[in-house]
Amino acid sequence: MSVRPGFLAPIAAPLTAVLAAFALAACQPAGTSATAPADAGVVNVYSARHYDADAEVFKAFTKATGIRVQTIEAQGDQLIERLKAEADASPADVILTVDAGNLWRLKDQGLLKPVRSSVLDAAIPANLRDPDSQWYGFSKRARVIVYAKGRIDPASVATYDSLAAPQLKGRVCMRTSTSVYNLSLMAARIERYGAGAALTWAKGVTANFARDPQGNDIEQIKAVAAGLCDATLVNHYYLIRMQASADPAERAAAERVGLVFPDQAGPGAHVNVSGAGVAKYAPNEANAVKLLEFLVSAQAQGDFAKLNEEFPVVANAEVGPELKALGAFKEDDTPLAVYGERQAEAQKLYDEAGWR
Ligand code: FE
């Protein structure tokens, strides 16, 4: 976790110190742009994203609106604990996080409030936002199959089902089932195929494990590249980032693997979002809504998505060359709200399958 100059105190600081720092910061101009409109107040963003791109987007927002952006960064679970501890004294206006499963958890714990915005409703496809308007997806990621070039014919790993097929026995690496990325995928499978078929799939994949589930998405890719296994599931942007890494070893590893968007002849690849909502007790609610609406502008969509190698949610936004090179792909259109609603069931089935 990093705290940038002008940002609020890190999550680990005692609440009193944080609030003191916040009060102090709130009195001082953030010194953003001299060309910005007159001071139009502030918006406090609690973010579970740790991307420089977000800072760029916030800078552009301040320039366009005169509203200063102050951020606190933390992991998703820490953000939830903090919001609960602060309750109605929380300075949080906007909560920004990854994965619809996390957005659902925020809503489920009563930490968000509905947003009334025709701009957001018009710009963001209905399946990528909460039906009760408590959270919105602002950029998309696909959960893709990464395979070992030379050892795997990509045509043989064209579907999520292929990861459960006997020919991959002992050749599949996965992160743990408690990862929200895997929970969301499982929830989508339960929704589409039913619990019985979803369990059968999870059992098949578990039977194919080359090792016990461990590590994050990048470590799955590295394991495939190193020959520990031949296929895995990751969010697409991890491979794109490795391809562009400053570390030659990461670039070399990325060279040894290929990427498949699964289920292109079926329902399409599983997609998820980075998203945001307005905090239940937002002291600057109007500014919070303005920030969310800014995130669907063509420029913000370009930056927000492009700099993180995620896909825009708005159709006409520009993507970077790396994403363009991946080409168009078919997306599963399951409503993302399902990922949260079926999260507990998903974990239960993974547990039953022995996917720890
Ligand atoms: Fe991620």
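## A walk through the model, starting at K222

Start by selecting K222: with a relative accessibility of 36%, K222 counts as partly exposed, since that value falls between the 20% and 50% cut-offs. Keep in mind as you click around that this is a predicted model.

**Stop 1: around K222.** Colour by secondary structure and you'll find K222 in helix α8. Now show its neighbours. Leaving aside residues up to four places away in sequence, K222 touches M242 and E250. Zoom in on E250, because there's something extra to see: the side chains of K222 and E250 are joined by a polar contact of 3.0 Å. Then add A254 to your selection. A254 sits 32 residues from K222 in sequence, yet the C-alpha to C-alpha distance is 7.8 Å.

**Stop 2: the disulfide.** Next, select C173 and C229 and show them as sticks. How far apart are their sulfur atoms? The gap is 2.0 Å, and the two cysteines form a disulfide. In general, that's a covalent bond between the sulfur atoms of two cysteines. Don't go hunting for others, as the count comes to one disulfide. If your viewer reports dihedrals, try the S-S bond: the C173 and C229 link has -110° about it and is left-handed. What does the pair tie together? C173 is in strand β6 (residues 172-173), while C229 is in the loop between α8 (217-225) and β7 (231-235), so the link connects parts that lie 56 residues apart in sequence. Switch on a surface and check whether these two are buried or exposed. Both C173 and C229 are buried.

**Stop 3: the iron ion.** Pick the iron ion and look for what holds on to it. Which residues coordinate the iron ion? They are Y181, Y237 and Y238, each through its OH atom, at 1.9 to 2.0 Å. Trace these donors along the chain and you get the spacing Y-x55-Y-Y. Y237 and Y238 are both buried.

**Stop 4: two unusual backbones.** Finish with a pair of loop residues. As a rule, most residues other than glycine have a negative phi. Select A87, in the loop between α3 (76-86) and β3 (94-98): its phi is positive, near 45°. A87 is partly exposed, with a relative accessible area of 32%. Then jump to D263, in the loop between β8 (257-260) and β9 (270-279). Phi of D263 is positive too, near 60°. Is D263 buried or exposed? At 9% relative accessibility, D263 counts as buried.

Terms used: Residues are numbered from 1 along each chain as its sequence is written. This is a predicted model: local features need pLDDT of at least 70, side-chain atom pairs count only at pLDDT 80 or more; totals for chains, interfaces and linings use all residues. Side-chain values use heavy atoms; hydrogens and water are left out. A disulfide is a pair of cysteine sulfur atoms within 2.5 Å. Helices (H or I, at least four residues) and strands (E, at least two) are DSSP runs, numbered from the N terminus. Buried means under 20% relative accessible area, exposed over 50%, partly exposed in between (1.4 Å probe, protein chains only). Donors are N, O and S atoms within 2.8 Å of the metal (3.2 Å for Na, K and Ca); water is not among the atoms, so sites may look incomplete. Contact means heavy atoms within 4.5 Å. A polar contact is a pair of N or O atoms within 3.5 Å; within protein, one must be able to donate a hydrogen and the other to accept it, and residues adjacent in sequence count only if both atoms are side-chain atoms.
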